[in-house]
Amino acid sequence: MRWAAIGLMTMVAACSSGPRIIPEPERPPVTQPTPTQPDVPVDPGLPQDEARHRVALLVPMSGTNAGVGRSLANATQLALLDTNADNIRITTYDTATGAAAAATQAIADGNGLILGPLLADDVRAVSPIARRAHVPLLSFSNDVSVAGNGTYILGYVPSQSIGRVVDYARSSGITDFAGLMPGGLYGERASTAFLRAVEDAGGRVVAMETYDGRSGSLASAANRLGADPFQAVLIAGSGDTAAAAVPLLRRTDGGATARVLGTELWNSDSSIGSKSALEGAFFASVSNNYYRQYAAKYRSRFGSAPYRLSTLGYDSVLLTVRIARDWRVGQPFPEGRLLASDGFAGLDGAFRFGRDGIAQRALEVQEIRDGSTVTVSSAPRGF
């Protein structure tokens, strides 16, 4: 975006002297008729913009998740600058004060596309409002239950990373799998995805245990899991949780030599490679090929490191810029273009939307090795 500011200040001073002037006698003022003005409606929203597409960004700019929201907002601005997209105007609305109210205002302001929200509950509040206005929603959530009917999710879906790492492990000769799953909704969905992925790959799940946040729960689950032998174990939790669980599993007969598998959650942990307990572990996620360059540019411009998922904001703008080539200003967003079979390219690699509104991503498999991460199976370049 290019901004220009022009300041103009003019000061005029004048003085004169000359012969004395005698004023004319005062006359009654002449009253001019006041012309009738037509009633002009006052638009309480944003001023009209006939040269640019209006796009709303719905993220938390205050409250607990303000840091993530600001990082997403900064990423969208960086994308506009990098693409020189002067035909798109992004206005940010704070969902922390009410996602539904933010969406209502965004639509009243004439935005034809909504980027966000971040949280699944906010998506549920916003989706009906956007749907009634025929405004598509590109959410940063990874909750597949909110996708569909004009709502699309850009987030990293756990089932995709689980399927990718299981396929890779199976191709390396592993047949017997075990799972260590957290409680709650994420764990339930991870368990379902794991069972399905192993079955589809031609392997078998020999054991699966669940842990929660109570003291001793992880240790008890690991001990129970290690009662039977298995070749690989998926630990569907954070990198810290996996690093704590692995030593427990190594002390059991069943998990003494098992290959450790992780999920997309590990990619958001910048120190994952330094966790010695996870040496040799595999996990699948989006590629980091372009992220490091992006993070350096972000840090230079904004003075801080970006959140890992801020690339979703950047890539949502890249997608919008591409579609905007065929999007006439003042016309509805061409939603059908979101279903392009060849998909889109972004910092996180190739992705495309299915008719269910879920972003299918090209994922790579990384191995934790010698204090770092190494790509052992590259992500496909496209579809």
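Which residue in the turn of the E13–E14 hairpin has a positive phi? In this predicted model, the residue is aspartate 370, with a phi of about 55°. The hairpin leaves 2 residues between E13 and E14.

The two strands of the hairpin run antiparallel. E13 covers residues 364-369 and E14 covers residues 372-377. They are joined by 5 bridges. One pairing can be named: isoleucine 368 has threonine 373 of E14 as its bridge partner.

A second region is an open sheet. It has 5 strands, in the order E2-E1-E3-E4-E5, with parallel pairing. E2 (88-94) and E5 (151-153) are the edge strands; each has a single partner strand, so one side of each lacks a neighbour in the sheet. From one strand to the next, the twist averages 25°.

Within this sheet, E3 (residues 113-115) and E4 (residues 137-139) run parallel and share 2 bridges. Leucine 115 has leucine 138 of E4 as its bridge partner.

Helices H1 and H9 also pack on the sheet. Their contacts and directions are listed below.

| Helix | Residues | Strands touched | Angle between directions |
|---|---|---|---|
| H1 | residues 66-83 | E1 (53-59) and E2 | about 175° with E2 |
| H9 | residues 311-323 | E1, E2, E3 and E4 | about 160° with E3 |

Which strands does H9 touch? Helix H9 touches E1, E2, E3 and E4. Helix H1 touches E1 and the edge strand E2.

Strands of a sheet pair through backbone hydrogen bonds, in parallel or antiparallel fashion. Both arrangements occur here: E13 and E14 run antiparallel, whereas E3 and E4 run parallel.

Terms used. Residues are numbered from 1 along each chain as its sequence is written. This is a predicted model: local features need pLDDT of at least 70, side-chain atom pairs count only at pLDDT 80 or more; totals for chains, interfaces and linings use all residues. Side-chain values use heavy atoms; hydrogens and water are left out. Two strands pair if DSSP finds at least two bridges between them. Helices (H or I, at least four residues) and strands (E, at least two) are DSSP runs, numbered from the N terminus. Axes are lines fitted to C-alpha atoms, for helices over the stretch in contact, and angles run from 0 to 180 degrees between N-to-C directions. Contact means heavy atoms within 4.5 Å.
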